[in-house]
Amino acid sequence: MYMQYRMSSGEKEKVNDIVSDLLQSNIIRDSQSNYASLVLLVRKKNGEYRMCVDFRKLNSMTVKERYPLPLIDDQMYKYTQGAKYFTTLDLASSYHQIPVAESSKRLTSFVTPTGHEAYVTRDLSEIPTELRQLPLSDDVRIVGGNEAAPNSLPYQVALNLIFESGRSFCGGSLITRRYVLTAAHCLDDGVISLEVLLGTHNIRRNETTQQSISTSNFTLHEEYKNNRMKYDIATVYLPTPAILNQYVQLIALPSRADASNSFVGSEAIASGWGYDSNNATAISDVLRYVNVSIIADDVCNVTFGEYITDSIICSGGTGRKGICYGDSGGPLVVNGKLVGISKFIGYESCEAGDPSGFTRVTTFLDWIAAHSDAVIS
């Protein structure tokens, strides 16, 4: 038995009509799931009604994506400059064709005054041809990169972030036995505690090389709230010091002499357990890496404009290579030194060939020294 939002007889009749249309269109189906959300009617500006499923409770328990998304205003500015003619494409029905993991489909169930239904995920072959062609354009290819040899990047850290309502994931770098360096946006917005995993290759397994350390002690840059783009850096304190061995090692920080080094033209390694393609539905089981080149700020500025400051370092997207969702907080390494912390991707997608953005570590050497036990020469 499920509670219902109170509706008048006329509203119930309208819901039944909408459900009937959705069933006939094969957008929803009858459900036997033990889960169910409630529905309500919302009046649109044109006076028509739209049936909405109240997924707020489900959303509160969903793992959050710890990755900053580009602002729609910025994208509109970038792609409409000089344009004179525009067309529109109604994607209302396509919204219902977004792929959902098989194990999660039962969670999309909802109850109406007369039934129990769930959304249907349609096969790609059923989607209109025009929409099928969109993700196959030349601008979207598989992210370049490879699975790392197990424990070949022993400074890489996995961070399981624990919230009141669920969990999320980020990367990090082990800079001392007591401290991990990561992105502030990973730890913002309600993180209660962290499970820090060292010496890990496959995050879905309990590996013999793995060290797991729980902590609730972390520090975001004090200016992060005022300028999230510029001060996206944080440290995590390990109450139990890391045991250094062939599987767990420290990454060297830049020296103060490196503060004037732009690293432009240098070959770098970015790594993490993030998505390996736009079509991925979850982070990678295994640690992956990609070789990228550091590009000049003015080159990166062409894509990101005013967001590129002296606290950002960019890698080029040539070969459609770069970081993706889930890589946040992870390392960018040049010649064995940590020069960047994974921060943001291009406007279009992980695979579009845009630059990737990282917090520039050399800008924050004094802050790191003040908020960790790292000794910076």
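Modeller: Let's start with the yardstick: a disulfide is a pair of cysteine sulfur atoms within 2.5 Å. Keep in mind that this is a predicted model.

Biologist: Fine. What makes C300 and C314 a disulfide?

Modeller: Their sulfurs are 2.0 Å apart. The cut-off is 2.5 Å, so the pair C300 and C314 passes and gets called a disulfide.

Biologist: Why is the link of C300 and C314 called left-handed?

Modeller: Look at the angle about the S-S bond: it is -70°, and the link is left-handed.

Biologist: And what makes this a link between distant parts of the chain?

Modeller: C300 sits in helix 6 (residues 297-304), while C314 belongs to strand 16 (residues 312-315), and the two are 14 residues apart. Both cysteines are buried, too.

Biologist: How many disulfides does the structure hold?

Modeller: Two. C170 and C186 form one of them, with 2.1 Å from S to S. Since the limit is 2.5 Å, this pair counts as well. The angle about its S-S bond is -85°, so to speak of the link as left-handed is right here too.

Biologist: Why do you say that C170 and C186 tie parts together?

Modeller: Because C170 lies in strand 8 and C186 in helix 5 (residues 184-187), parts that are 16 residues apart in sequence.

Biologist: How do you know whether C170 is buried or exposed?

Modeller: Its relative accessibility is 0%. Buried means under 20%, so C170 is buried. C186 has a relative accessible area of 0% and is therefore buried as well.

Biologist: What about C52? Which class does it fall into, and why?

Modeller: C52 has a relative accessible area of 24%. Buried would need under 20% and exposed over 50%, so C52 ends up as partly exposed.

Biologist: Let's turn to strand 7. Why is strand 7 described as largely enclosed?

Modeller: Strand 7 covers residues 156-163, and seven of those eight residues are buried, so the rest of the structure largely encloses it.

Biologist: How do you know that strand 7 and strand 8 pair?

Modeller: Pairing takes at least two bridges. Strand 7 and strand 8 (residues 166-174) have eight, in the antiparallel sense, so they pair. You can spot V157 opposite G172 of strand 8, and a hairpin connects the two strands through two residues.

Biologist: What makes strand 10 a partner of strand 7?

Modeller: Five bridges, again antiparallel, join strand 7 to strand 10 (residues 193-198). At least two are needed, so strand 10 qualifies. L161 faces L194 of strand 10 across that pairing.

Biologist: Where else does L161 turn up?

Modeller: In the largest nonpolar core, which has 66 residues. L161 is listed there with V196, L253, L332 and I368 as having the most contacts inside the core. Strand 7 gives the most to this core, with five residues. Another core lies apart from it, with 13 residues, including I18, I28, M51 and V53.

Biologist: Now the five-stranded sheet. What makes strand 1 and strand 3 its edges?

Modeller: The sheet is open, with mixed pairing and the order 1-5-4-2-3. Strand 1 (28-30) and strand 3 (49-54) each have a single partner strand, so one side of each has no neighbour in the sheet. On average, neighbouring strands here are turned by 45° against each other, direction ignored.

Biologist: How do you know that strand 2 and strand 4 count as paired?

Modeller: Strand 2 (residues 37-43) and strand 4 (residues 110-112) run parallel and are joined by two bridges. The rule asks for at least two, so they meet it. In that pairing L38 stands opposite V111. Helix 1 (residues 9-24) packs on this sheet and touches strands 1, 2, 3, 4 and 5, with its direction at about 80° to that of strand 3.

Biologist: One last thing: what makes the phi of N151 worth pointing out?

Modeller: Phi of N151 is near 65°, a positive value in a residue other than glycine. N151 is in the loop between strand 6 (146-147) and strand 7. With a relative accessible area of 18%, against a limit of 20%, N151 is buried. F263, found in the loop between strand 13 (234-237) and strand 14 (267-272), also has a positive phi near 65°. At 6% relative accessibility, F263 is buried too.

Key. Residues are numbered from 1 along each chain as its sequence is written. This is a predicted model: local features need pLDDT of at least 70, side-chain atom pairs count only at pLDDT 80 or more; totals for chains, interfaces and linings use all residues. Side-chain values use heavy atoms; hydrogens and water are left out. Buried means under 20% relative accessible area, exposed over 50%, partly exposed in between (1.4 Å probe, protein chains only). Helices (H or I, at least four residues) and strands (E, at least two) are DSSP runs, numbered from the N terminus. Axes are lines fitted to C-alpha atoms, for helices over the stretch in contact, and angles run from 0 to 180 degrees between N-to-C directions. Contact means heavy atoms within 4.5 Å. A nonpolar core is a set of buried Ala, Val, Leu, Ile, Met, Phe, Trp, Tyr and Cys residues joined through side-chain atoms within 4.5 Å.
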